Amino acid sequence: MSIDILVATALLWIGANTIYTNPKPAAAVEFVEVITNSEAPAGAGQIIAGQYVIKEQKILMLTGSDMTERYSMSILIHELIHHQQFLRMKNDTKKPGYQRWSIIYLPKECQIKQIEREAYLYQIEYLRQVEDKPKFFGKNNEQKKVTMAIDSIDKRLKSDEFDCE
C-alpha cells in the first residue's frame, strides 16, 4: 500500500474524529534510519518513532516501520496532528479579529507540552477505536503492540509530564 493512500486514510480519520475537520497533508513523509530529538518531552537524545519537522513541514518515520500496522498508523496520525497544529498556529497570526488559539499565549515550554498532549490524546483515541476491530490490514500478532501502546500513552497522559507551571 502506498504512503499516499495511508496518509489519505489518516487524514480521513483526523477529519472525522478531531477538531481538525479539514486536515491538510504534510509536504512529505520521509523514512530514515534513526530519529533522535534532543527536545522531546520524553527525554533528550531518546530514539523516537516519528517526528514532525516544522521548518520543512514533513514527517520523519523510522525505516522499517510497517505502515500497515495500526501502531505505525497511530504514529503517522500523531505526526499529522502536529502538522495541523502548526497550520493552525501559523494561520492564527494572520487573521485579524480571529479567536486566537489560547495556546499561543502560553510560555514556549508549556506550548510544546500542550501540543504534544493533544497529539497523544488523538493517537490514543485512534488506538482505542481500532484495538478490538477485525484486521483489515496488518498482522494478527500486532494486537499486543497496540495494547502496550495504549497503556504506555495512557500512563504518560495521567502523569505530570504535560503539566505547565
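Glu 109 and Lys 113 sit 4 residues apart in helix H3 (residues 108-130), which means about one helical turn separates them. Their side chains meet in a salt bridge, with N to O at 3.6 Å. The two ends of this bridge differ in exposure: Glu 109 is exposed at 58% relative accessibility, whereas Lys 113 is buried at 18%. The model described here is predicted.

**The chain as a whole**

The chain holds 4 helices and 5 strands. Read from the N terminus, its elements run α-β-β-β-β-β-α-α-α. Of its 165 residues, 42% are buried. Take the contacts between residues at least 6 apart in sequence: 66% of them join residues at least 24 apart.

**Salt bridges**

How many salt bridges does the chain have? The count comes to 6. Side chains of opposite charge can pair when their charged atoms come close. Three of the pairs are listed here.

| Pair | N to O distance | Location |
|---|---|---|
| Lys 58 and Glu 30 | 2.7 Å | strands E5 and E1 |
| Glu 109 and Lys 113 | 3.6 Å | helix H3 |
| Asp 154 and Lys 158 | 3.1 Å | helix H4 |

Start with Lys 58 and Glu 30. Their side chains form a salt bridge at 2.7 Å, N to O. This pair links distant parts of the chain, with the two positions 28 residues apart: Lys 58 belongs to strand E5 (residues 58-62), and Glu 30 to strand E1 (residues 28-32). Is Lys 58 buried or exposed? Lys 58 is buried, because its relative accessible area of 13% falls under the 20% cut-off. Glu 30 is partly exposed, with a relative accessible area of 33%.

Asp 154 and Lys 158 form another salt bridge, their closest N and O atoms lying 3.1 Å apart. Both belong to helix H4 (residues 143-158), and their spacing of 4 residues puts them about one helical turn apart. Lys 158 is exposed, at a relative accessible area of 66%.

Some bridges share partners. Through them, Glu 30, Glu 56 and Lys 58 join into one network.

**A disulfide from helix H3**

The chain has 1 disulfide. A disulfide is a covalent bond between the sulfur atoms of two cysteines. Which residues does the disulfide join? Cys 110 is joined to Cys 164, with an S to S distance of 1.7 Å. The torsion about the S-S bond of Cys 110 and Cys 164 is about 105 degrees, so the disulfide is right-handed. This pair, too, links distant parts of the chain: Cys 110 lies in helix H3 and Cys 164 in the segment after H4, 54 residues apart. Cys 110 is buried, with 9% relative accessible area. Cys 164 is partly exposed, at 34%.

**The three-stranded sheet**

Strands of a sheet pair through backbone hydrogen bonds, either parallel or antiparallel. Here, an open sheet of 3 strands has the order E1-E5-E4, and its pairing is mixed. Which strands stand at the edges? E1 and strand E4 (50-53) do. Each has a single partner strand, so one side of each is left without a neighbour in the sheet. From one strand to the next, the twist averages 25 degrees.

E4 and E5 run antiparallel and are joined by 4 bridges. Across this pairing, Gln 51 stands opposite Leu 60 in E5. The salt bridge described earlier, between Lys 58 in E5 and Glu 30 in E1, also ties into this sheet's strands.

**Ser 72 in helix H2**

Ser 72 is found in helix H2 (residues 70-92). Ser 72 counts as buried, because its relative accessibility is 6%. What does the side chain of Ser 72 reach? Its target is the backbone oxygen of Asp 66, at 3.1 Å. Leaving aside residues up to four places away in sequence, Ser 72 touches Met 61, Ser 65, Asp 66 and Met 67. Asp 66 thus appears twice, as a polar partner of Ser 72 and as one of the residues Ser 72 touches.

Definitions and conventions. Residues are numbered from 1 along each chain as its sequence is written. This is a predicted model: local features need pLDDT of at least 70, side-chain atom pairs count only at pLDDT 80 or more; totals for chains, interfaces and linings use all residues. Side-chain values use heavy atoms; hydrogens and water are left out. A salt bridge is a side-chain nitrogen of Lys or Arg within 4 Å of a carboxyl oxygen of Asp or Glu. Buried means under 20% relative accessible area, exposed over 50%, partly exposed in between (1.4 Å probe, protein chains only). A disulfide is a pair of cysteine sulfur atoms within 2.5 Å. Two strands pair if DSSP finds at least two bridges between them. Axes are lines fitted to C-alpha atoms, for helices over the stretch in contact, and angles run from 0 to 180 degrees between N-to-C directions. A polar contact is a pair of N or O atoms within 3.5 Å; within protein, one must be able to donate a hydrogen and the other to accept it, and residues adjacent in sequence count only if both atoms are side-chain atoms. Contact means heavy atoms within 4.5 Å.
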